[in-house]
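User: I'd like to understand the wording people use for a structure. Can we go through it together?
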Amino acid sequence: KDGAAAAEAPSVHPDSSKWMPLFNADLSNAVYNKDVWFINDKGALTANKDEAIWSSRDYENFQLDLEYTFDPAANSGVMIYCSDMANWIPSTIEIQILDDNNEHWKNEAPHNKNGGLYGHAVPRVNNVKPAGEWNRMTVTAQGKHVVGAVNGEITVDADISQWTDSKKNPDGSDIPPWLSTAWATIPTKGRIGFQGKHGGAGIYFRNIKIKEL
């Protein structure tokens, strides 16, 4: 559905006094492997392995605003509502990050494209910039209503209570078997995380800010 939160998503201003950094500059309030995640010499948060970094506390009803870029053929994501950091893949909602422009992903399923909800919801537009350029993502999470926007355009607007089956999406498409939880049952409060270096292609984040609603 298209609600007020959806209309607001592309135009938020993360420099507002209402916004706070999700992570401290020294990552002291993050949960992560210090051998994997680090701030590089350009001030971006990045990783050398496919491990996630998490907020140190749960969030519910929030807007998350960030910038990201990646190396060619990257595959990453932003996770919300995580209830199990050790087994996060089936226990979170992931807003997908993918180098859609790369030949490597030309046959990738529509539900796995940049700005969609990984394995569950096809993005409305595929507007990700080429590898090496910075993109902006805003995620608005209000209970069962999740809205994603990339580069000023809404890419997904979903009521996750519609995902009552763990094997089939509401549009009839198959959900990947490793995503074994029906989203209608996922708690709408949890950790926020970022996926690390997956498949050998680096991912970089900056200006990660959050506003609680």
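Analyst: Sure. Let's start with a term: buried means under 20% relative accessible area, exposed means over 50%, and partly exposed is in between (1.4 Å probe, protein chains only). This is a predicted model, where local features need pLDDT of at least 70, side-chain atom pairs count only at pLDDT 80 or more, and totals for chains, interfaces and linings use all residues. Residues are numbered from 1 along each chain as its sequence is written, and side-chain values use heavy atoms, with hydrogens and water left out.

User: Why does Trp88 count as buried?

Analyst: Trp88 has 15% relative accessibility, and the cut-off is under 20%, so Trp88 is buried.

User: And what makes Trp54 count as buried?

Analyst: Its relative accessibility is 4%, so Trp54 falls under the 20% limit too.

User: Why is the aromatic pair of Trp54 and Trp88 called edge-to-face?

Analyst: Rings of Phe, Tyr and Trp (its six-membered ring) pair if their centres lie within 6.5 Å; planes under 30 degrees apart are stacked, over 60 edge-to-face, and the rest tilted. A search of the whole structure gives eight aromatic pairs. For Trp54 and Trp88, the centres are 6.1 Å apart and the planes make 65°, so both cut-offs are met.

User: How do you know that Arg57 sits over the ring of Tyr59?

Analyst: The rule asks for NZ of Lys or CZ of Arg within 6 Å of the ring centre and within 35 degrees of the ring normal. Arg57 has its charged end 4.0 Å from the centre of the Tyr59 ring, so the distance fits. Arg206 likewise lies over the face of Trp134, at 3.8 Å from the ring centre.
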